[in-house]
Amino acid sequence: MIIKPKVRGFLCVTAHPVGCAAHVQEWIDHVKAKGPINPGPRKVLVIGSSTGYGLASRITAAFGSGAATLGVFFERPSEEGRPATPGWYNTIAFTRAARAAGLYAKNLNGDAFSDDIKRQALELIRTDLGQVDLVVYSLASPRRTHPRTGVVHKSCLKPVGAPYTNKTVDTDKGIVSEVTIDPANETDIADTVAVMGGEDWEFWIAALREAHLLAPGAQSVAYSYIGPEVTWAVYKNGTIGLAKNDLERAARNIDAQLRAHGGGQAFISVNKALVTQASSAIPVVPLYISILYKLMKARGTHEGCIEQMQRLFATQMYNGHKPKFDEAGRVRVDDLEMIPEVQAAVRAIWPEVTTANLAELTDIDGYRTEFMKLFGFGLAGVDYEAEVEPHVPMP
Ligand code: NAD
């Protein structure tokens with residue numbers, strides 16, 4: 001079939017297998033061009049490995065350090081007349097490239113929150129890898145079925161305490177408008193913490209530890225976001241921010257366990273705001289990202305997921321480096337986003353942006369280009385008029 005983008009709000013419901021493979025190759029090429037990360041991770045479990053920061057972490061470990069990787073993700077294969085989700089195609093492209101380079105790469109497609117997928121992952125690690133020395137926890141999910149209670153928790157992106165009104169942009173239509181979001185109730189908060197907080201990360205580490213599958217000195221990292229004041233009501237101080245506080249609590253708990261296990265460590269890396277499937281669903285944030293991209297590109301400091309993760313691994317976690325923690329014990333690869341001059345410029349532009357001047361004051365074009373690339377569209381060298389086979393089995 002000929003696959004064209006079909007954008008519905010903040011989602012594209014189609015994905016291009018050849019384009020996704022080209023996107024993955026761009027990321028691999030970036031990591032290779034940056035040179036080896038040595039010493040680096042050897043055997044890595046990436047939970048949430050098919051898109052965004054998790055995929056970038058996996059590519060960095062594999063192509064920066066020659067690591068064996070086991071990826072866990074939740075993606076939909078192609079169905080009759082309907083392409084698969086991008087993470088499906090990304091993982092196939094990654095797996096083929098890794099194996100062609102002589103690297104171990106295996107995948108588990110299923111619900112990472114479930115005991116069953118954990119059991120399957122443990123079994124694969126036991127038989128194939130022996131132990132892992134790095135666990136990357138990079139899930140972004142709208143829901144979690146709790147493995148002990150069976151309760152389905154749904155996460156939400158709401159302010160806490162009071163309604164919140166601010167500007168937002170419909171990135172597809174290019175319309176800037178005001179959005180008002182009603183505040184979360186106690187159930188919304190508890191549900192979001194249950195989905196995006198740290199309990200499942202703790203379950204993974206406990207399962208690995210009890211099965212003796214963590215190498216002495218093993219590390220674990222999970223990702224968070226803080227951002228500027230203009231997004232705090234809906235992010236840092238909202239339901240998702242409370243879940244991230246819980247992720248930090250879990251990091252301290254896991255860190256204590258890993259320190260006692262051969263001097264390992266666990267921490268949170270605070271990453272830059274970027275266009276991913278997860279971030280495009282957050283109100284207000286895409287407008288902020290469009291302004292930020294414009295400013296950071298002008299300064300020559302713009303980074304995508306792969307640049308961020310390559311920098312995290314090469315300058316904070318490995319390559320003879322140790323993490324430089326902030327006052328709360330987090331690594332900050334959002335440093336270039338948060339520098340005062342950039343944030344002052346965001347604050348100056350924010351009140352001025354309208355539908356009429358959106359293209360001039362922000363990098364909405366860059367946002368859209370990045371968004372389409374997430375689904376494998378707009379990549380150089382890909383013939384989008386050509387027939388392509390949407391059904392690609394996982395190797
Ligand atoms: P993403 O949507 O690109 O990736 C999410 C991953 O989780 C995918 O691999 C998906 O398959 C997997 N997943 C979702 N539900 C699953 C389930 N039930 N079982 C197994 N796998 C599942 O998201 P992202 O933006 O890369 O986010 C990853 C982490 O980085 C999140 O913790 C997010 O908060 C954080 N982060 C994101 C940004 C940003 O701007 N995008 C910034 C800082 C931190």
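**Group meeting: a walk through one predicted chain and its ligand**

Let me begin with a single residue: Q343 counts as buried, because its relative accessibility is 6%, where buried means under 20% relative accessible area, exposed means over 50%, and partly exposed is in between, with a 1.4 Å probe and protein chains only. Before I go on, please keep in mind that this is a predicted model, in which local features need pLDDT of at least 70 and side-chain atom pairs count only at pLDDT 80 or more, while totals for chains, interfaces and linings use all residues. Residues are numbered from 1 along each chain as its sequence is written, and side-chain values use heavy atoms, with hydrogens and water left out.

Back to our residue. Q343 sits in helix α12, residues 340-349, where helices (H or I, at least four residues) and strands (E, at least two) are DSSP runs numbered from the N terminus. If we leave aside neighbours within four places in sequence, Q343 is in contact, meaning heavy atoms within 4.5 Å, with P228, Y288, L292, E337 and M338.

Now the chain as a whole, which has 14 helices and 13 strands. For 395 residues, a compact globule would have a radius of gyration near 21 Å, and the chain agrees with this because its own value is 20 Å; this radius is taken over C-alpha atoms, and the globule rule is 2.2 Å times the number of residues to the power 0.38. Of the 395 residues, 57% are buried, and among the contacts with a separation of 6 or more, 77% come from residues 24 or more positions apart.

What surrounds the ligand, and which residues are closest? There are 30 residues around the ligand, and the closest are S50, Y53, A112, K244 and T276, where a residue counts as near if one of its heavy atoms lies within 4 Å. By class, this shell has 13 nonpolar, 13 polar and 4 charged residues; Ala, Val, Leu, Ile, Met, Phe, Trp, Tyr, Cys and Pro count as nonpolar, Asp, Glu, Lys and Arg as charged, and the others, Gly among them, as polar.

Several polar contacts, each a pair of N or O atoms within 3.5 Å, are worth finding on the screen; within protein, one atom must be able to donate a hydrogen and the other to accept it, and residues adjacent in sequence count only if both atoms are side-chain atoms. The side chain of T51 has an N or O atom 2.8 Å from an oxygen atom of the ligand, a polar side-chain atom of D111 lies 3.0 Å from a ligand nitrogen, and one of K244 lies 2.7 Å from a ligand oxygen. The ligand on its own has 840 Å² of accessible area, by the Shrake-Rupley method with a 1.4 Å probe (for residues, only the protein chains shown count as cover), and the protein covers 93% of that area. The elements that give two or more residues to the shell are α2 (52-65) and β11 (214-224).

For contrast, consider E387, in the segment after α14 (364-374), which counts as exposed because its relative accessibility is 62%. A polar atom of the E387 side chain lies 2.9 Å from the backbone nitrogen of M1.

Finally, the backbone: N38 and P39 are joined by a cis peptide bond, with omega about 0 degrees. V284, although not a glycine, has a positive phi of about 75 degrees, and V284 counts as buried because its relative accessibility is 0%.
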